[in-house]
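The exercises below are meant to be worked through with the sequence and the three-dimensional picture side by side. Try each task before reading its solution.

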Amino acid sequence: DDSVKQLIYVLLVVERASNLLTKLLERGRFAGYLEQSTRYIYFDQKDESGQYKYYIPPNLPPDAKRNYIERVNAIFDIYSYIVRELTAFVRLQTKEPEDKLERAAWLGATRAQACDVARALLPVATQSTVGIVAPAQSVEGLIYFLASQTLEEARATAKSILRESKKVAGAFLRQVERPERG
């Protein structure tokens, strides 16, 4: 009985998900979600290979890929400049507290104000991390939904979620791969 799938919860982390994919992951709100917020942290940090964190579609022809990377890097360069300048501007608007604890809160609050404004500049390819806590039944629905999308990142994520979820809830997800199920 499919309703038994409501009895087991699966905890997932989808790393390096584009902003576009996060909207697909969270579409149903049938689960608990925790998303790395663009409102409170700088998104101009580069990864271990020195690249900004954004999704690059794997099926782009070489010239289009090169052009895409150049343009998205330029957007991130602009974002980086603006968010840092905004942070400095916001901090000039209020007096910096002398108390160590109050100063830490002030630094966080002023950074958040700048990030909140500048996040509108971030492209939908910007990557973050999404945590998901959901019953196996909702995970099954999410897998079907993502697998049906035209977005390659969504289809690849569906396969990854199925592979990893089967490790902890395999008995509850056996039907997912049956052709008559979707």
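A residue is called buried when its relative accessible area is under 20%, exposed when the value is over 50%, and partly exposed in between. With that cut-off, Val72, Asn73, Phe76, Tyr79, Ser80, Val83, Thr87 and Val90 of helix 2 are buried. Keep in mind throughout that this is a predicted model.

**Exercise 1. The overall build**

Task: Describe in which order the elements of the protein chain follow one another, and decide whether the chain is spread out or compact when set against the globule rule.

Solution: Begin with the inventory, which gives five helices and three strands for the protein chain. Reading from the N terminus, the order of these elements is β-α-β-α-α-β-α-α. The next step is to compare two values: the radius of gyration is 20 Å, whereas the globule rule gives 16 Å for 182 residues, so the chain is more spread out than a compact globule. The C-alpha trace can also be described along its principal axes, where it spans about 60 × 45 × 25 Å. Finally, turn to burial and contacts: buried residues account for 34% of the 182 residues, and, among contacts between residues at least 6 apart in sequence, 74% join residues at least 24 apart.

**Exercise 2. Two helices and their packing**

Task: Check the spans of helix 2 and helix 3 against the rise of 1.5 Å a residue, and find what the buried residues of helix 3 pack against.

Solution: Take helix 2 first, which has 31 residues and should therefore span 45 Å; the distance between its end C-alpha atoms is 45 Å, and the two values agree. Helix 3, residues 100–118, has 19 residues and reaches 27 Å from first to last C-alpha, close to the 27 Å expected. Next, list the buried residues of helix 3, which are Trp106, Thr110, Ala112, Ala114, Cys115 and Ala118. These buried residues pack against helix 2, which covers residues 62–92. Looking from the other side, helix 3 is included in what covers the buried residues of helix 2. When you study such lists, it helps to recall that an α-helix has 3.6 residues a turn, so residues three or four places apart point the same way.

**Exercise 3. A proline in a loop**

Task: Locate Pro123, and decide whether it is buried or exposed.

Solution: Pro123 sits in the loop that runs between helix 3 and strand 3 (127–135). Its relative accessible area is 15%, and because this is under 20%, Pro123 counts as buried. Leaving aside neighbours within four places in sequence, the residues in contact with Pro123 are Asn19, Val72, Ile75 and Phe76. Another residue to locate is Tyr79, which is 44 residues from Pro123 in sequence, with a C-alpha to C-alpha distance of 9.8 Å.

**Exercise 4. Two arginines**

Task: State where Arg16 and Arg174 lie, and classify each of them by its relative accessibility.

Solution: Arg16 belongs to strand 1, residues 9–18, and its relative accessibility of 38% makes it partly exposed. Its backbone deserves a second look, since Arg16 has a positive phi of about 55° although it is not a glycine. Most residues other than glycine have a negative phi. Arg174, by contrast, is found in the segment after helix 5 (152–169), and at 61% relative accessibility Arg174 is exposed. As a last step, consider Lys46, which is 128 residues from Arg174 along the chain; their C-alpha atoms are separated by 39 Å.

How values were computed
Residues are numbered from 1 along each chain as its sequence is written. This is a predicted model: local features need pLDDT of at least 70, side-chain atom pairs count only at pLDDT 80 or more; totals for chains, interfaces and linings use all residues. Side-chain values use heavy atoms; hydrogens and water are left out. Helices (H or I, at least four residues) and strands (E, at least two) are DSSP runs, numbered from the N terminus. The radius of gyration is taken over C-alpha atoms; the globule rule is 2.2 Å times the number of residues to the power 0.38. Buried means under 20% relative accessible area, exposed over 50%, partly exposed in between (1.4 Å probe, protein chains only). Contact means heavy atoms within 4.5 Å. The expected span of a helix is 1.5 Å times one less than its number of residues.
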